[in-house]
Amino acid sequence: MGDMDSVYRFAGQTDAEKKVTENYLYAQKTPLCSTGEPEGTRIATAEDVDRIYSFLMEFPEFAGIYSEKGMIENRIRTNEGIHIFIEKDGKIIAHGNSAASAKTSCFLGGICVAEPYRGKGYAMKIIDALCREIHRKDKIPCIFAPMDKEYSIFRKAGFDIYGKWGTMQIGGRK
């Protein structure tokens, strides 16, 4: 993992099978000036852990990342992280959380919306609510996201692109 030039340089030095992925580094240095809290969002408490875990397990891409329910519970109980969600009829339909944090920045993660509710603005509400909470802590919300069109939501949410970041998965030798 590193800046794209470094990842490509390293990739050229190994004959192992590899897959290089390019991501943008997005950061929202200035909060959006929307009024009020994003409607329908709620900050999770320890009582929400089971429901959040069950919701996240519906997404194969998150099953490995959130493999232990205790990790979610610990982050919520110790205030190490923020989990925000939206529910309809008592069921979670959208979620997002803060991830790695440093002195001046905090990364977003776990942003997902249940299939029937996609394209209705719920992801934007989650991103907005997370960013508000992160800015309240005097930190800059950031995220690494692929260069795919579906991730243009971050530009719409007031994030600027600050560079390219790469990861490389190495398989066996050729």
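Is F154 buried or exposed? Let's start there, everyone, and keep in mind that we are looking at a predicted model. F154 is buried, since its relative accessible area is 4% and the cut-off for buried is under 20%.

Now to the pocket. The largest one has a volume of about 1,000 Å³. It is lined by 34 residues, and those closest to its centre are F62, I111, I143, Y151 and our friend F154. Which element gives the most to that lining? That would be β6, with seven residues. Several elements supply at least two lining residues each: α3 (60–63), β6 (105–113), α5 (122–136), β7 (140–146) and α6 (153–156). If you like to think in residue classes, the lining of the largest pocket has 22 nonpolar residues, along with six polar and six charged ones.

On to the rings. A pair of aromatic rings is described by how far apart the centres are and by the angle between the planes. In this model the count comes to nine aromatic pairs. Take Y26 and F154: their ring centres are 5.5 Å apart and their planes sit at 45°, so this pair is tilted. Y26 lies in strand β2 (residues 16–27) and F154 in helix α6, so the pair ties together parts that are 128 residues apart in sequence. Y26 is buried as well, at 3% relative accessibility.

Our second pair is F62 with Y66. Here the centres are 5.8 Å apart and the planes are at 75°, so the pair is edge-to-face, given that angles over 60 degrees count that way. F62 is buried, with a relative accessible area of 10%, and Y66 counts as buried at 6%. Going back to F154 for a moment, ring pairs link it with Y24, Y26 and F159 into a cluster.

One more residue before I hand over, and that is L56. Where does L56 lie? You will find L56 in helix α2, which covers residues 49–56. L56 is buried, with a relative accessible area of 0%. What does L56 touch, leaving aside residues up to four places away in sequence? Its contacts are F62, Y66, I72, H95, G110 and C112. So both members of our edge-to-face pair are touched by L56. As for a residue further along the chain, L56 and K120 are 64 residues apart in sequence, and their C-alpha atoms are 19 Å apart in space.

That's my tour, thanks for listening!

Note on methods: Residues are numbered from 1 along each chain as its sequence is written. This is a predicted model: local features need pLDDT of at least 70, side-chain atom pairs count only at pLDDT 80 or more; totals for chains, interfaces and linings use all residues. Side-chain values use heavy atoms; hydrogens and water are left out. Helices (H or I, at least four residues) and strands (E, at least two) are DSSP runs, numbered from the N terminus. Buried means under 20% relative accessible area, exposed over 50%, partly exposed in between (1.4 Å probe, protein chains only). Contact means heavy atoms within 4.5 Å. On a 1 Å grid over the protein atoms alone, a cavity is a set of points where a 1.4 Å probe fits but cannot get out, and a pocket is an open set with protein on both sides within 12 Å along at least five of seven lines; lining residues have an atom within 4 Å of a point. Grid points are joined across faces, edges and corners, and a volume is the space filled by probe spheres set on the points. Ala, Val, Leu, Ile, Met, Phe, Trp, Tyr, Cys and Pro count as nonpolar, Asp, Glu, Lys and Arg as charged, and the others, Gly among them, as polar. Rings of Phe, Tyr and Trp (its six-membered ring) pair if their centres lie within 6.5 Å; planes under 30 degrees apart count as stacked, over 60 as edge-to-face and the rest as tilted.
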